[in-house]
Amino acid sequence: MPTVHLLDYVAGNIRSLVNAIEKVGYEVEWIKSPEDVAKAEKLILPGVGHFGHCLTQFINAGYVEPIKAHIQAGKPFMGICVGLQALFEGSAEDPNVIGLGVVPGRLERFNDTNKSVPQIGWNSANTANAKGLAADQSLYGLRPDSKYYYVHSYAAPYKPGVLEKEGWTVATARYGDEEFVGAVAKENVLATQFHPEKSGAAGLRVIKAFLDGNYIQKLPTTPSAAASKEGLTRRIIACLDVRTNDQGDLVVTKGDQYDVRDKDSSAVRNLGKPVSMAEKYYQQGADEVTFLNITSFRDTPLKDQPMLEILRQTSKSVFVPLTIGGGVRDTKDAETGNVVPALDVATLYFKSGADKVSIGSDAVTAAEEYFSANRTLSGKTAIETISNAYGAQAVVVSVDPKRVYVSSPDATPHATVKLSPNEKGPNGEEYCWYACTLHGGRTTSDLDVIQLVTAVEAMGCGEILLNCIDKDGTNSGFDLGLIRSVKAAVKIPVIASSGAGNAGHFKQVFEETSVDAALGAGMFHRGEWTVRQVKEVLEKDGLLIRRFEAED
């Protein structure tokens, strides 16, 4: 197979990019030193995380001049996410670190007054007004009716004509009222703010076009106005709870208020094999797939090889973001007695194919310590260390709250929610507060959900996965009051979880709250609804979704 060189400088999920490159017919060779850069014909610089952290590593390792020499020699070069940001002159994320200066301009943080930051999800890369392209042409396979996966807090604001004056062709995207650079290309250089390796068939098309040298292609069809609509789509996430059954095999299961054993047989519910089910949801158009490992680890997460192998196998055929939860914490190696930092655990997950890690019980403990220290950050929590290395967008906190009913807001010091008219407590209570739980709902904290989400946001968490024990397994719809209260308390994206039983519940949560994504499990596992059917209902009702694209 033809070869492409990849530079790995501890920049997030490299495994998925390797899989995508191999999928389109190329072989990867690694750049391991600055001297290796001169050997590369085609070179890709990927990246996830903090601009300053990544660029500092890059600079200290001596890669700046070799990379510039590669580009100046006219050899094909592609930058992805932070790989794009590195080409600019600098970023507000770390004003003290200088970019490569290949592309003029600086990156700014998104305005979070009327939208969540980071931007996480599927958006456009529109070349409709790009200089040098006819109406029926595409840039490196980019299409106006395709959506691509973005995950970032900082972007290069698009200023019409500025980059074009320097010879760059620009694909733009809109997030709220801000227009930014989604991709840029000039001669031998292509850089994308989105992750093509996580953008399904649309992203694979871009990678192949770059590697094949197909700068300009003819669009196959005229896109419809609805499909070409710009903006962040509504994300539908398929969640797979994974645990060992009584025979020791990892299976997908589903709980009823977190009880995963059938009442008749007492056996663990076995709904299928994790890899094949993830592939099925990918083919149905799921925007993300989440694995929550709810098994107690046999040793340490570093040695939980079956779960790691599930990630490796899934990332070979599922080209959308993968989140893994379970065991992301500081842990002791039973053989050596050494403490393994949470950052090392997360790094192994990323190297195995995960794009984000989900932290549960340890987030509650960290938040309790945060408040006991008068809201002082320690800098040592799993959330902080992983976020500092890989960026906030790589850290999800999974929240498992349950209702505590009260007669009035004055009856508790905690933040309360007024229940809907058809929901009352066992003694007719009209209000409740949400107590956070640990260990799969078995332990209850005095910390309320608003305290938890504000604490983890301060620590650097990039997204909240908001469950609800009272709604889990009920198929009665999401807890809208809980979702509204959490969305009002934080600026980061929130994923609604627990209670989905049909497409109408997704429609309701998107129309009646400002939630960023919604997650389904049992309704998909049991075959009552497919992801595609849910999306068809949402699109019919005017909501912006990502249409599934088959691979070429």
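Helices (at least four residues) and strands (at least two) are DSSP runs, numbered from the N terminus. The model treated here is predicted.

**Exercise 1. Place Pro426 in the chain and decide whether it is buried or exposed.**

Step 1. Pro426 sits in the loop that connects strand S24 (416-418) with strand S25 (431-438).
Step 2. A residue is called exposed when its relative accessible area is over 50%. Pro426 has 70% relative accessibility, so it counts as exposed.
Step 3. Tyr405 is 21 residues away from Pro426 in sequence, and the two C-alpha atoms are 8.1 Å apart.

**Exercise 2. Describe the overall form of the chain from its secondary structure, its radius of gyration and its extent.**

Step 1. The chain has 16 helices and 29 strands.
Step 2. The radius of gyration is 23 Å, and the globule rule gives 24 Å for 552 residues; the two values are close, so the chain is as compact as a globular protein of that length.
Step 3. The C-alpha trace extends about 75 × 55 × 45 Å along its principal axes.

**Exercise 3. State how much of the chain is buried, how its contacts are spread in sequence, and what its surface and charges amount to.**

Step 1. Of the 552 residues, 58% are buried.
Step 2. Take the contacts between residues at least 6 apart in sequence: 71% of them join residues at least 24 apart.
Step 3. The accessible surface is about 21,300 Å², and carbon and sulfur atoms account for 47% of that area.
Step 4. There are 57 positive and 68 negative side chains. The centres of these two sets are 3 Å apart.

**Exercise 4. Work out the strand order of the open sheet that contains S6, and identify its edge strands.**

Step 1. The sheet has 3 strands in the order S5-S6-S10, with mixed pairing.
Step 2. Strand S5 (90-91) and strand S10 (154-155) each pair on one side only, and these are the edge strands.
Step 3. S5 and strand S6 (residues 106-109) run parallel and are joined by 2 bridges. Ser91 has Leu107 as its bridge partner in S6.

**Exercise 5. Analyse the hairpin of S11 and S12: direction, cover and turn.**

Step 1. Strand S11 (residues 169-175) and strand S12 (residues 178-186) run antiparallel, with 7 bridges between them.
Step 2. Within this pairing, Val170 is opposite Val184 of S12.
Step 3. S11 is mostly covered, with 6 of its 7 residues buried.
Step 4. The hairpin has 2 residues between the strands, and Gly176 adopts a positive phi near 65 degrees.

**Exercise 6. Characterise the surroundings of Ile21.**

Step 1. Ile21 belongs to helix H1 (residues 14-23).
Step 2. Buried means under 20% relative accessible area. Ile21 is at 0% relative accessibility and therefore counts as buried.
Step 3. Apart from neighbours within four places in sequence, the residues in contact with Ile21 are Val4, Tyr26, Val28, Ile44, Ile207 and Leu211.
Step 4. Ile207 is 186 residues from Ile21 along the chain, yet their C-alpha atoms are separated by 7.1 Å.

**Exercise 7. List the buried residues of helix H9 and describe the backbone just after the helix.**

Step 1. In H9 (residues 342-352), the buried residues include Ala342, Val345, Ala346, Thr347, Tyr349, Phe350 and Ser352.
Step 2. An α-helix has 3.6 residues a turn, so residues three or four places apart point the same way.
Step 3. Gly353, just after H9, has a positive phi of about 130 degrees.

**Exercise 8. Find backbone features that depart from the usual pattern, and give their places.**

Step 1. Most residues other than glycine have a negative phi, and most peptide bonds are trans.
Step 2. The peptide bond from Val117 to Pro118 is cis, with omega near 10 degrees. Pro118 lies in the loop between S6 and strand S7 (119-123).
Step 3. Arg375 is not a glycine, and its phi is positive, near 60 degrees. Its loop runs between helix H10 (361-372) and helix H11 (382-390). With 54% relative accessibility, Arg375 counts as exposed.
Step 4. His439, also not a glycine, has a positive phi of about 55 degrees. The loop that holds His439 is between S25 and strand S26 (443-448). At 40% relative accessibility, His439 counts as partly exposed.

Note on methods
Residues are numbered from 1 along each chain as its sequence is written. This is a predicted model: local features need pLDDT of at least 70, side-chain atom pairs count only at pLDDT 80 or more; totals for chains, interfaces and linings use all residues. Side-chain values use heavy atoms; hydrogens and water are left out. The radius of gyration is taken over C-alpha atoms; the globule rule is 2.2 Å times the number of residues to the power 0.38. Buried means under 20% relative accessible area, exposed over 50%, partly exposed in between (1.4 Å probe, protein chains only). Contact means heavy atoms within 4.5 Å. Accessible areas come from the Shrake-Rupley method with a 1.4 Å probe; for residues, only the protein chains shown count as cover. Lys and Arg count as positive and Asp and Glu as negative; His and the chain ends are not counted. The place of a charge is taken as NZ of Lys, CZ of Arg, CG of Asp or CD of Glu. Two strands pair if DSSP finds at least two bridges between them.
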